[in-house]
Amino acid sequence: MQPRNMSMSGVVDLAAVKAAQEAKAKAEQARAEAARNGGGGAVSPSSLVIDVSEADFERDVLQRSTEVPVVIDFWAEWCEPCKQLSPLLERLATEYNGRFVLAKIDVDANQMLMQQFGVQGIPAVFAVVAGQALPLFQGAAPESQIRGTLDQLIQVGEERFGLTGIAVDPGAEGPAPVAEVPAGPYDALLEAAVQALDAGDMAGAVQAYKNVLSDDPGNTEAKLGLGQAELLQRVQDLDPQKVRADAAQHPGDVRAQIAAADLDLVGGHVEDAFGRLVDTVARSAGDDRETARVRLLELFEVVGGDDPRVTAGRTALARVLF
């Protein structure tokens, strides 16, 4: 999948000379005030990734953005692509060592923030720099592209707003407890699959999960991971605009509807994906109907059987089948 808005083009407008000067002055004033109040010291590594709600957004995002760029990860527990992207962003926040702070916002619990940022689907990633917001990207993205976007964000923060990051004290939290966890028989293969996903190697991830399932067909983690990896592999090279145009122009084309449903799910539009395929099953017959039904069942597995939208989707499917 090609993520939308994977560029810093919005920063060019954001950094128009007058606005940049005003924002930089405000940031410098806020940093000076924090220094007078005894703030601005080194933080612990765990402070680089924070959960943010509507109640503390102004303090933890807007005010913090006068010291360091704040990257916002809009996510939800039911969003499978979020489960791949969020850990990657958390790892990069630690690796960048204070050059940016990651704020995680659960959209289910913070609908107002989601609306204020105009989030259309998740995962969605924004940034706030010196109190000013800009979109970064939406949907799954390879690590290399995410790194490039973060590098540009940090450069803009330094050059336009004077944000040089915050100091991190690795010893602030004390030594981490060492726990001896015995390695499971498939840990190496599962880790290889995750690394392949992070690298954008969907074929490699699919094969790694299949290697686990060939020996252990009931492995829940591998089954879930395989469904996610196959979904990402299917949409990786699709042109979203063309797919959606084809689906709109040819409502009876089962393959066009299936491709659009895959994109819906990757973009976080779970109910849209399910509804599209239920409608496709309802108006098709024979092999086409079976193909749409099977894909819908596969998407149910990707989201997870305990999700209420899956329960609703199964009920809707049963209604059109029987």
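A salt bridge, as I will use the term this morning, is a side-chain nitrogen of Lys or Arg within 4 Å of a carboxyl oxygen of Asp or Glu. Please keep in mind throughout that what we are looking at is a predicted model.

By that criterion the structure holds 17 salt bridges, and I would like to walk you through a few of them. Let me start with Arg99, which pairs with Glu158, the closest N and O atoms lying 2.3 Å apart. Arg99 sits in the loop between H4 and strand S3 (101-106), while Glu158 belongs to helix H6 (residues 143-161), so this pair ties together parts that are 59 residues apart in sequence. Arg99 is partly exposed, at 31% relative accessibility, and Glu158 is also partly exposed, at 33%.

Next, consider a pair within helix H4 (residues 80-95), where Lys83 and Glu80 are three residues apart, about one turn of the helix. Their closest N and O atoms are 3.2 Å apart. Buried or exposed, where does Glu80 fall? With a relative accessibility of 5%, Glu80 counts as buried, because the cut-off for that class is under 20%, whereas Lys83, at 38%, is partly exposed.

Helix H13 (residues 286-303) offers another pair, Glu298 and Arg295, again three residues apart and thus separated by about one helical turn. Here the closest N and O atoms come to 2.9 Å; Glu298 is partly exposed at 36%, while Arg295, at 17%, counts as buried.

Finally, some salt bridges share partners, and in this way Arg91, Glu95, Glu143, Arg147 and Asp198 are joined into one network.

Definitions and conventions: Residues numbered from 1 in each chain as written. Predicted model: local features only at pLDDT ≥ 70, side-chain atom pairs only at ≥ 80, totals over all residues. Heavy atoms only, no water. Helix = DSSP H or I, 4+ residues; strand = E, 2+ residues; numbered from the N terminus. Buried < 20%, exposed > 50% of the residue type's maximum accessible area, 1.4 Å probe, protein only.
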